[in-house]
Amino acid sequence: MYLPPHDPHVDDPMRFKPLFRIHLMERKCATVECMYGHKGPHNGHIQIVKKDEFSTKCNQTDHHRMSGGRQEEFRTWLREEWGRTLEDIFHEHMQELILMKFIYTSQYDNCLTYRRIYLPPSSPQDLIQPGLFKGTYGSHGLEIVMLSFHGRKAKGTKITGDPNIPAGQQTVEIDLAHPLQLPDIENLRDFSELSRIVLEVQEQVRREEQEQGQEEQEEHSQQAASQPASPPGGEGAEGEETAAGAEGRTQDKAPATQPFVLPMGVISRNEDYPRTCRVCFYGTGLIAGHGFTSPERTPGVFVLFDDDRFGFIWLELKSFSLYSRIKVSFQNAQAPSREAFDEMLKNIQSLAT
């Protein structure tokens, strides 16, 4: 299992923790050992469920328990997972979230199901190389997000989740057709000025989507009345070309770098964010209550710092997430096709809901 570094150090390397191992024996037999817990390897079981999916089960869960009971297990988990003790965490809400995560994860330490995920395919038009990133999520700590590009949109999909937004959900969506021109550095400190700029773009996007919906409805009505449908692939190819062209023009016009500072009142777990950025875009972020209740997409700002780091300002929450690329080299993780990758994204989102 790959664990993110301790919060909020997004630039630190991932941590590695073995969960099970397989001993291949003679006559095509094998033994499985569970590596979970602190009492050493013990008897386990692996079952192939279907293609690209398997399950592991521990047959000796007493090896996972500690002599000091759940309290000792929680304190040990807290040191390993968060790199701190309970006494270090003064915020009551954060204590509640951490305890919820411990209860949830410890329920499933004896039986886990694994499903294959693909790394996102890349193209020359992409803003940066797509891939996996570590991101700060306030009191939830660090989480893993997959950044992928889809024509006019870029998507950040949660690979690990929390009690509010589960893994598989689209945490951020970036509208590459709507770059944001930030105010000068002094005015950028004013949250109300940034908010005004973002909400104006949000209204523009809403109008464009409404007009596009009306045009498509009229076009379908006309085609149904008089003309055959257009050849397959024509519209999609044109859409991709337009998106690539718009993105190229955006990068041509944008300066190499521009000063960046978070507005006053915006909370960041990591104050060591870059003070210059390349370009910013309008985007939306997914927020919800505990248990993924009342989910809604809210406006925000995607900030591209460099090839390996980006940020997102959550306007409604007045908070900032900083993301740093995971540089682990995963073998055989490339999607066989764009269609296979898109299908995988749909599957993990359906599992989360």
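A polar contact is a pair of N or O atoms within 3.5 Å, where one must be able to donate a hydrogen and the other to accept it. In this predicted model, the side chains of Asn 164 and His 290 make just such a contact, at 3.1 Å. Asn 164 sits in the loop that runs between β10 (153–158) and β11 (170–180). With a relative accessibility of 13%, Asn 164 counts as buried, because the cut-off for that label is under 20%. Setting aside its neighbours within four places in sequence, Asn 164 is in contact with Leu 97, His 140, Ala 288, Gly 289, His 290 and Phe 292. Phe 292 comes up again below, thanks to its backbone.

Stepping back to the whole chain, there are six helices and 18 strands. The chain has 353 residues, and 40% of them count as buried. About 20000 Å² of the chain is exposed, with carbon and sulfur atoms supplying 51% of that area. How much of the contact network links residues at least 24 apart in sequence? Looking just at contacts between residues at least 6 apart, the share is 55%.

Next comes the inside of the protein. In soluble globular proteins, nonpolar side chains tend to be buried together. Here, the largest nonpolar core has 26 residues, and those with the most contacts inside it are Leu 180, Phe 260, Val 301 and Phe 320. Four elements give two or more residues to this core: the helix α4 (191–226) and the strands β15 (279–289), β16 (293–306) and β18 (319–325). Of these, α4 gives the most, with six residues. Apart from this core lies another one, made of 20 residues, among them Ile 128, Leu 176, Phe 281 and Phe 302.

Phe 260, one of the residues with the most contacts inside the largest core, is worth a look on its own. Not counting residues up to four places away in sequence, Phe 260 touches Leu 182, Ile 185 and Leu 188, then the run Tyr 273, Pro 274, Arg 275, Thr 276 and Cys 277, and also Val 303, Phe 305 and Ile 313.

Among the helices, α1 (residues 69–82) has 14 residues. From its first C-alpha to its last, α1 reaches 20 Å, close to the 20 Å expected at 1.5 Å a residue. Which residues of α1 are buried? They are Glu 73, Phe 74, Thr 76, Trp 77, Leu 78 and Trp 82, and these buried residues pack against α2 (92–107). Just after α1 comes Gly 83, which takes a positive phi of about 70°.

A few other backbone spots stand apart from the helices. Asp 52, in the loop between β5 (42–50) and β6 (53–58), has a phi near 65°, a positive value in a residue other than glycine. Asp 52 is partly exposed, at 29% relative accessible area. Phe 292, the contact partner of Asn 164, has a positive phi too, about 60°, although it is not a glycine. The loop that holds Phe 292 lies between β15 and β16. Towards the start of the chain, a cis peptide bond joins Asp 7 and Pro 8, with omega about 0°. Pro 8 belongs to the loop between β1 (2–3) and β2 (15–16).

Gln 129 shows how residues far along the chain can come together. Gln 129 is found in the loop between β7 (111–115) and β8 (131–136). Gln 129 and Asp 307 are 178 residues apart along the chain, yet 7.2 Å separates their C-alpha atoms. Leaving out residues up to four places away in sequence, Gln 129 touches Ser 122 and Arg 325. Gln 129 is partly exposed, with a relative accessible area of 47%.

That leaves the cysteines. A disulfide is a covalent bond between the sulfur atoms of two cysteines. How many disulfides does the model have? The count comes to zero. Why does Cys 58 not form a bond with Cys 34? The sulfur of Cys 34 is the closest cysteine sulfur to that of Cys 58, but the two are 4.0 Å apart, which is too far for a bond, because a disulfide needs the sulfur atoms within 2.5 Å. Cys 58 is buried, with a relative accessible area of 5%, whereas Cys 29 counts as partly exposed at 45%.

Conventions:
Residues are numbered from 1 along each chain as its sequence is written. This is a predicted model: local features need pLDDT of at least 70, side-chain atom pairs count only at pLDDT 80 or more; totals for chains, interfaces and linings use all residues. Side-chain values use heavy atoms; hydrogens and water are left out. Buried means under 20% relative accessible area, exposed over 50%, partly exposed in between (1.4 Å probe, protein chains only). A nonpolar core is a set of buried Ala, Val, Leu, Ile, Met, Phe, Trp, Tyr and Cys residues joined through side-chain atoms within 4.5 Å. Contact means heavy atoms within 4.5 Å. The expected span of a helix is 1.5 Å times one less than its number of residues. Accessible areas come from the Shrake-Rupley method with a 1.4 Å probe; for residues, only the protein chains shown count as cover.
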